[in-house]
Amino acid sequence: ATPAQWRSRSIYQVLTDRFARSDGSTSAPCDTADRVYCGGTYEGIIDQLDYIQGMGFTAIWISPIVQNIAGTPSSGEAYHGYWAQDLYRLNPHFGSSSSLKALSAALHARNMYLMLDVAPNHFAHAGHGATTDFSRFVPFDSASYFHPFCWIRDYTNQTEVEECWLGDNTVALADVNTSLESVRHTYSAWIAGVVAEYEIDGLRVDTAKHVDAEFWTAFLAAAGVFSLGEVLDGNATYTCRYQGVLDSVLNYPVYYTLVRGFSGSGSLVELARMGARVADMCADSTLVGSFSENHDMPRFAAHSKDLAMAKNVLAYTILADGIPIIYAGQEQHFTGGFDPANREAVWLSSYTTDSPLYRHIAALNQLRNHAIAVETIEKTRVLGAGNSFLVLRKGRVVTLLTNSRNKATRKVVGTGYGRGERVVDVLACVEALVGTGGVMKVVVEKGLPKVGMCFLRGREER
Ligand code: ABC
Ligand code: CA
């Protein structure tokens with residue numbers, strides 16, 4: 001699918017190993033600290049698509065699919081899928097080729113998209129970089145396909161970021177020499193084959209900043225589908241530069257200010273400014289990947305257990321600029337901290353659909369899906385911002401966020417609504433009438449976000 005087709009989507013991120021098992025178990029143990037496979041599969045995901053779709057998601061992102069190394073006693077197993085060993089085999093822990101095809105077909109039958117995580121930057125060696133046995137890698141089976149070993153130490157040195165190695169003394173990530181013509185050719189042929197065989201709709205591109213831009217240009221042209229790059233950097237100038245090389249990037253710059261803003265250590269003015277900065281610096285902020293949790297960062301609840309703040313964060317993630325990405329388990333208010341604690345098995349929640357955040361996400365996605373169906377996607381406008389509040393408008397959706405539990409009445413100006421129009425507070429399910437000049441008085445309390453949409457009857461019914 002194209003960037004334009006992805007713009008209106010909403011993505012649910014699963015770590016394949018941690019979302020659902022083929023046996024449908026809701027009790028199979030999974031101690032994240034062990035860093036071993038817990039048994040999640042493609043078949044398991046297929047069986048839980050109602051749970052995902054019930055929240056209004058229209059796409060899922062799954063872990064890398066290729067065969068990985070076995071792992072080591074000290075570093076654990078490659079349950080996350082990022083430790084590639086053989087490009088031409090699938091990771092057997094996640095299921096067979098036919099079950100991956102069945103997942104793709106099941107998604108498409110629901111008009112949902114499949115986004116695949118790909119990590120061509122490296123292959124993994126279970127040991128120190130200096131001892132790498134290249135002969136085990138398929139198809140790049142000699143040192144000549146790789147950059148000479150060196151650890152990345154200075155992240156401000158772009159050559160080092162691209163050519164030295166990620167990983168550590170227990171698992172070295174041998175850095176592929178992506179400037180070689182033969183490597184480019186092999187990878188382009190590989191991704192074209194994978195996209196065709198599994199009918200992949202889009203790619204989440206791992207370690208985008210660790211690979212030269214020319215490699216991506218060829219690779220992504222061969223893939224022919226939307227690409228969302230992981231550029232792990234909070235600096236908008238740096239990160240936005242990659243939207244152009246790739247179709248889009250994960251919105252790390254906003255991520256950091258979002259989490260700070262609602263977990264007691266930041267101001268919402270800072271969040272508003274970063275949102276505007278990304279809109280300014282990035283080629284198209286309506287395409288960036290908007291997220292508040294993922295498998296690399298601590299869960300939001302590891303910063304703040306306050307459910308109301310989690311609701312604000314989700315409202316921003318889903319309703320501000322970008323394609324929303326919610327990380328599996330976020331709907332169950334999981335609390336895991338840094339990797340590996342943030343990779344809890346979702347089945348242990350019994351996939352309950354009446355948890356507060358499950359319902360909250362469902363309401364927000366439904367609103368977004370509806371708004372997108374009836375009006376074109378505009379960029380977010382900031383109607384007001386202070387240390388403790390932020391008012392956003394996107395088309396006919398007005399969102400009032402707060403990081404304070406104090407009760408306050410906010411006068412919202414610039415809604416674009418007409419006097420006497422009917423506005424539905426979507427989260428509280430109550431109606432209000434718009435005052436003169438489109439002004440609305442909104443009461444915020446208990447730290448809860450307010451989301452209103454003014455329905456235009458004519459367009460709504462078209
Ligand atoms: C393993 C162990 C963990 C252990 C870790 C150090 O090593 O399992 O217990 O804590 C995979 C696995 C991981 C595994 C790694 C390494 O491989 O999932 O469990 O960790 O073996 C992607 C994926 C990620 C994946 C890989 C590797 C890459 O999302 O899941 O990890 O395929 C860098 C990369 C980024 C990568 C990330 C993990 O590391 O750039 O692509 N993610 C700075 C740098 C970043 C750097 C980051 C973390 O530190 O600029 O480039 O990310 O090391 C902001 C700044 C940022 C700064 C952050 C920390 O602060 O603006 O620039 O990021 O303010
Ligand atoms: Ca590299």
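A pocket, on a 1 Å grid over the protein atoms alone, is an open set of points with protein on both sides within 12 Å along at least five of seven lines. In this predicted model, the largest pocket holds about 740 Å³ of space. Its lining comprises 26 residues, and those closest to the centre of the pocket are Trp83, Leu173, Asp296, Asp339 and Arg343. By class, nine residues of this lining are nonpolar, eight are polar and nine are charged.

The largest pocket is the space taken by ligand 1. The shell around ligand 1 consists of 22 residues, of which Lys209, His210, Glu230, Asp296 and Asp339 are the closest. Asp296 and Asp339 thus appear both among the residues closest to the ligand and among those closest to the centre of the pocket. The shell divides into ten charged, six polar and six nonpolar residues. Three side chains may be named for their polar contacts with oxygen atoms of ligand 1. A polar side-chain atom of Arg204 is placed 2.9 Å from a ligand oxygen. For Trp83, which is also one of the residues closest to the pocket centre, the separation between a side-chain N or O atom and an oxygen of ligand 1 is 3.0 Å. His295 likewise has a polar side-chain atom 3.0 Å from an oxygen atom of the ligand. Taken on its own, ligand 1 has 1100 Å² of accessible area, and the protein covers 68% of this area.

Enclosed space was examined next. Over the whole structure, the search returns five cavities of 30 Å³ or more. The largest cavity contains about 220 Å³ of space. It is lined by 20 residues, with Leu319, Arg368, Ala371, Ile372 and Lys394 closest to its centre. Two helices, α13 (307-319) and α14 (356-374), and two strands, β15 (389-394) and β16 (397-402), each give two or more residues to this lining. The lining is made up of eight nonpolar, six polar and six charged residues.

The second largest cavity has a volume of about 120 Å³. Among its 15 lining residues, Val66, Ala84, Val118, Ala119 and Trp190 are the closest to the centre. Contributions of two or more residues come from the strands β4 (84-90), β5 (113-118) and β6 (122-125) and from the helix α7 (181-198). Twelve residues of this lining are nonpolar, two are polar and one is charged.

The backbone shows several features of note. Most residues other than glycine have a negative phi, and most peptide bonds are trans. The peptide bond from Val138 to Pro139, however, is cis, with omega near 0°. Pro139 is located in the loop between β6 and α6 (158-163), and β6 is also one of the elements that give two or more residues to the lining of the second largest cavity. A cis peptide bond also links Asp339 to Pro340, with omega near 10°. Asp339 is one of the residues closest to ligand 1, and Pro340 is placed in the loop between β13 (323-327) and α14. The loop between β13 and α14 also contains Ser350, which has a positive phi of about 60° although it is not a glycine. The helix α14, which bounds this loop, is in turn one of the elements giving two or more residues to the lining of the largest cavity.

Key: Residues are numbered from 1 along each chain as its sequence is written. Chains are lettered from A and ligands numbered from 1 in the order in which they are written. This is a predicted model: local features need pLDDT of at least 70, side-chain atom pairs count only at pLDDT 80 or more; totals for chains, interfaces and linings use all residues. Side-chain values use heavy atoms; hydrogens and water are left out. On a 1 Å grid over the protein atoms alone, a cavity is a set of points where a 1.4 Å probe fits but cannot get out, and a pocket is an open set with protein on both sides within 12 Å along at least five of seven lines; lining residues have an atom within 4 Å of a point. Grid points are joined across faces, edges and corners, and a volume is the space filled by probe spheres set on the points. Helices (H or I, at least four residues) and strands (E, at least two) are DSSP runs, numbered from the N terminus. Ala, Val, Leu, Ile, Met, Phe, Trp, Tyr, Cys and Pro count as nonpolar, Asp, Glu, Lys and Arg as charged, and the others, Gly among them, as polar. A residue is near a molecule or strand if one of its heavy atoms lies within 4 Å of it. A polar contact is a pair of N or O atoms within 3.5 Å; within protein, one must be able to donate a hydrogen and the other to accept it, and residues adjacent in sequence count only if both atoms are side-chain atoms. Accessible areas come from the Shrake-Rupley method with a 1.4 Å probe; for residues, only the protein chains shown count as cover. A molecule sits in a cavity or pocket if more than half of its atoms lie within 2 Å of its grid points.
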